[in-house]
Structures are given as structure tokens and as C-alpha cells.
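Student: I should like a close look at one part of this model, namely its charged side-chain contacts. Please set them out first, and then place them within the fold.

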Amino acid sequence: MTARTGVLNQMAYVVPDIEKAIDFWTQVMGVGPFFVFPELNATRGDYRGEDYIYKFGAAIAYSGETNIELIEPRGPSIFDEFLKAGGTGVHHTCRFVDDMATAQAEIEAFGATRLQGASFGPGSEVAYFDMTGDETMILELAQLPPESAGLFDAVKQAGNDWDGKTRTISF
């Protein structure tokens, strides 16, 4: 898959309180259960062109084929900027890619600008790109190690089997 031909597989929402957001999504939107990530510890990060490891909380669930991600910023990042500017709703979409360097070069050739990114270990990298020049459309590219594929399959299956009551499951 490439940056422009891979399937958009996620809708990500930046929220001020991840627990309240999980309540909303499970109780009102009928999506769950949410898998809450433990503290994500990046080995490298960048934010607006500077070396910086940004912090955030995250939880994911599936509604059919759509991955819903909730992100709670915990310091300076494009997520924090979004909330401080009064942003609501979808913050970004995501595509999984096989090779981050190739995918990044491909979308930068179309004018995309890297906003931030992080590495979490061998074969695990994310990067966020402004696709429009005014940050109204942000695309995340995610390169995941092969062992992570089963994780997303398990989260999707949990969504398919959801009892309508269970709010969260821990990894």
C-alpha cells in the first residue's frame, strides 16, 4: 500500500477527556468496546520540525470496518493545538503503509507538509501531514510491525462481538 492508494482506515477524534469521550461513544454512538493503550513511549519524535517526543493518551474501537481513535493530548502537539483552537470533530484520518519513507516522499511530492511524527520501536512509526496547506485535512501515515496486524484484527472482532455494555478493555 502507498500513501495515496491505501485504504483510509481510521477516523481520529481529539478529546479533552478520554474517559468522557469513551462514555459518549459507547452510550450514545453505540461503538465499543474501546481498547485503552497503556502509556505510549516513543523512542523518537518530532513536532513542527523540531525533535520532540509528544505525549498523549489513546483508545481505539471499531464500528464495522471503521476504526475510531480517541486521543487526549498531554502536552504540546498538533492534538493540543486543535483543542486550544476550539477544534471539535474529526482531527485526522489514517492510512497504514508498508514503508514510511516511500509513503512520505510520495505525499510530499503532492505538496503535503509533515506536522509531527514518532517512532515506537523497530517497524513502528507514525507521521501526520497537512494535506491542504491550512491543516483542515490531516492525514496520518502509520507503519506498523507485522505482529501488530493481529492486534487490530482482535479489536475489530471485539467490536463485532460487543455486548453493548463493556466500556473498555485493556491491552
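Tutor: Aspartate 46 forms a salt bridge with arginine 44, and the closest N and O atoms are 3.1 Å apart. The term salt bridge denotes a side-chain nitrogen of Lys or Arg within 4 Å of a carboxyl oxygen of Asp or Glu. The model is a predicted one, in which local features need pLDDT of at least 70 and side-chain atom pairs count only at pLDDT 80 or more, while totals for chains, interfaces and linings use all residues. Side-chain values use heavy atoms, with hydrogens and water left out, and residues are numbered from 1 along each chain as its sequence is written.

Aspartate 46 counts as buried because its relative accessibility is 10%, whereas arginine 44, at 32%, counts as partly exposed. Here buried means under 20% relative accessible area, exposed means over 50%, and partly exposed lies in between (1.4 Å probe, protein chains only).

Aspartate 46 also meets the side chain of arginine 114 in a salt bridge, at 2.7 Å from N to O. This pair links distant parts of the chain, as aspartate 46 belongs to strand E3 (residues 44-47) and arginine 114 to strand E8, 68 residues apart. Strands (E, at least two residues) and helices (H or I, at least four) are DSSP runs, numbered from the N terminus. Both aspartate 46 and arginine 114 are buried.

A further salt bridge joins the side chains of lysine 84 and aspartate 80 (3.1 Å, N to O). These two residues both lie in helix H2 (residues 78-84), 4 residues apart, which is about one turn of the helix. With a relative accessible area of 68%, lysine 84 is exposed; aspartate 80, at 17%, is buried. Returning to the earlier group, salt bridges that share partners join Arg44, Asp46, Arg114 and Glu125 into one network. Over the whole structure, a search finds 10 salt bridges. In general, side chains of opposite charge can pair when their charged atoms come close.

The setting of these contacts is an open sheet of 11 strands with mixed pairing, in the order E4-E3-E8-E9-E10-E7-E1-E6-E5-E2-E11. Strand E4 (50-51) and strand E11 (168-170) stand at the edges with a single partner strand each, so one side of each has no neighbour in the sheet. Two strands are taken to pair if DSSP finds at least two bridges between them. Strand E1 (residues 8-14) and strand E7 (residues 90-96) run antiparallel and are joined by 5 bridges; within E7, cysteine 94 is the bridge partner of glutamine 10.

Helix H1 (residues 18-27) packs on the sheet, where it touches E1, strand E2 (34-36), strand E5 (56-63), strand E6 (66-73) and E11, and its direction makes about 155° with that of E6. Contact means heavy atoms within 4.5 Å; axes are lines fitted to C-alpha atoms, for helices over the stretch in contact, and angles run from 0 to 180 degrees between N-to-C directions. Helix H3 (residues 100-108) lies across strand E8 (113-121), strand E9 (124-130) and strand E10 (138-143), at about 160° to E10.

The loop that follows H3, between H3 and E8, holds alanine 109, which counts as exposed because its relative accessibility is 65%.
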